[in-house]
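Here are a few short exercises to work through with the model open beside you. Try each task before reading its solution.

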Amino acid sequence: MNAFEEIAYADGDTPLTGLALHPQGDARAAVAIFPTFMNSTPAVEAKARSLAAQGYAVLIGDFYGPDAPTDMQQAFAAMTRLRADPVAARQRLRATVRLLRERHPDLPQLAIGFCLGGFAVLEMAREGQNLAAVASFHGLLETALPAKTPIHPRILVCHGDADTLVPRRQVIDFWEEMDRVGADWHFHSYAGVEHGFTSPRTLDGAPNPAYDASADRQSWAALLGFFDEVLDPQD
C-alpha cells in the first residue's frame, strides 16, 4: 500500500491539507473520512488503509488547517470554536466533500466519520449533500441545524450506549429528527460501550480504556456490509 498523499485545499482563506490513498486497481467508490476532534490520528489512518485495501479511494479531511491541535486541551478548544458557528462549520466540512468530488467525479461518493467526524457526516447529510451514504462512529448527534427537508444519503450510526458525550435523550432526538424527514437510517447501539470505542490506543500510545474490540469489529463489519448494499443493492 502506498503512503498517504498530502492534498492542499482550502476553506476560503484557511488552507487545509487532506490525506489521500488510492487502492490497487480501479476504485469501487470514493470515501471522505472525517477524523476525530484531534484531526487525523493513527487509528483513523488505519481505518483509511483498511478501506483502501477493500478497493475504496479515500480522503481524510482536515478540520482546522494550520491551527490543528497537538493535545487534548487544544483539541477541545478547537472543536468548540468550530462548532460555535454552525453555518461556518458546515462550510468547512463542505470543502472536504467538494475536494472528494473534484478528485473522483465519476465514482459513487460516500463519507464516514469518527467522534467530531461522525457529527460532520451527519451535518453533510442534513444539509442535503448528494452522497450515496454516510456512516458515523461514536459521533456527536446533537445539531443546531436539524434537517428540515428530505435527506438523500442512507445513514448508518454506530454508537456506544454508555457514551457520556451523547446522552440518551440526544439519541432519541436524533431518531425523531430522522423520522420527520423520512431518512433511511440504521442505528447500531452497543451496550456498555463508551465514546471512542474504535481507537485501541490514546494519542500517547497507551491503551485506550474506552476501546471495545467487539464493538469495533461489529461496527466495521456493519460498515462494509452497508457499503455493499448501497453500491450493489439486492432485491
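A charge sits over a ring if NZ of Lys or CZ of Arg is within 6 Å of the ring centre and within 35 degrees of the ring normal. Keep in mind that this is a predicted model.

**Exercise 1. Charges over rings**

Find which ring lysine 47 lies over, and at what distance from the ring centre.

Solution. Lysine 47 is placed over the face of tryptophan 220. The distance to the ring centre is 4.7 Å. A second case involves arginine 83, whose charged end sits over the ring of phenylalanine 119, 4.2 Å from the centre.

**Exercise 2. A chain of aromatic pairs**

Classify the pair of phenylalanine 114 and phenylalanine 137: stacked or edge-to-face?

Solution. Start with the total, which comes to twelve aromatic pairs. For phenylalanine 114 and phenylalanine 137, the ring centres are 5.0 Å apart and the planes stand at 15°. Planes under 30 degrees apart count as stacked, so this pair is stacked. Next, place the partners: phenylalanine 114 belongs to strand β5 (residues 109-114) and phenylalanine 137 to strand β6 (residues 133-137), 23 residues apart.

Now follow phenylalanine 137 to tryptophan 220, with which it forms a tilted pair, 5.9 Å centre to centre and 35° between the planes. Tryptophan 220 lies in helix α6 (residues 213-231) and phenylalanine 137 in β6, so this pair ties together parts that are 83 residues apart in sequence.

Finally, check accessibility, where buried means under 20%. Phenylalanine 137 has 1% relative accessibility and therefore counts as buried. Tryptophan 220, at 10%, counts as buried too.

**Exercise 3. Two helices that meet**

Work out how the axes of α3 (residues 86-103) and α4 (residues 116-127) cross.

Solution. The two axes come within 10 Å and cross at roughly 90°. Angles of 65 to 115 degrees count as roughly perpendicular, and α3 and α4 are therefore roughly perpendicular to each other. On the α3 side, the contact is made by Arg90, Leu93, Arg94 and Val97. On the α4 side, Ala120, Glu123, Met124, Arg126 and Glu127 take part. Sorted by class, this contact has four nonpolar, no polar and five charged residues.

**Exercise 4. A histidine in a loop**

Decide whether histidine 104 is buried or exposed.

Solution. Histidine 104 is found in the loop between α3 and β5. Its relative accessibility is 11%, so histidine 104 counts as buried. Leaving aside neighbours within four places in sequence, histidine 104 is in contact with His22, Ala30, Ala57 and Gln109.

Notes: Residues numbered from 1 in each chain as written. Predicted model: local features only at pLDDT ≥ 70, side-chain atom pairs only at ≥ 80, totals over all residues. Heavy atoms only, no water. Axes fitted to C-alpha atoms, helices over the stretch in contact; angles between N-to-C directions. Helix = DSSP H or I, 4+ residues; strand = E, 2+ residues; numbered from the N terminus. Parallel < 35°, antiparallel > 145°, perpendicular 65-115°, else oblique. Contact = heavy atoms within 4.5 Å. Nonpolar A, V, L, I, M, F, W, Y, C, P; charged D, E, K, R; others polar. Phe/Tyr/Trp six-rings, centres within 6.5 Å; stacked < 30°, edge-to-face > 60°. Buried < 20%, exposed > 50% of the residue type's maximum accessible area, 1.4 Å probe, protein only.
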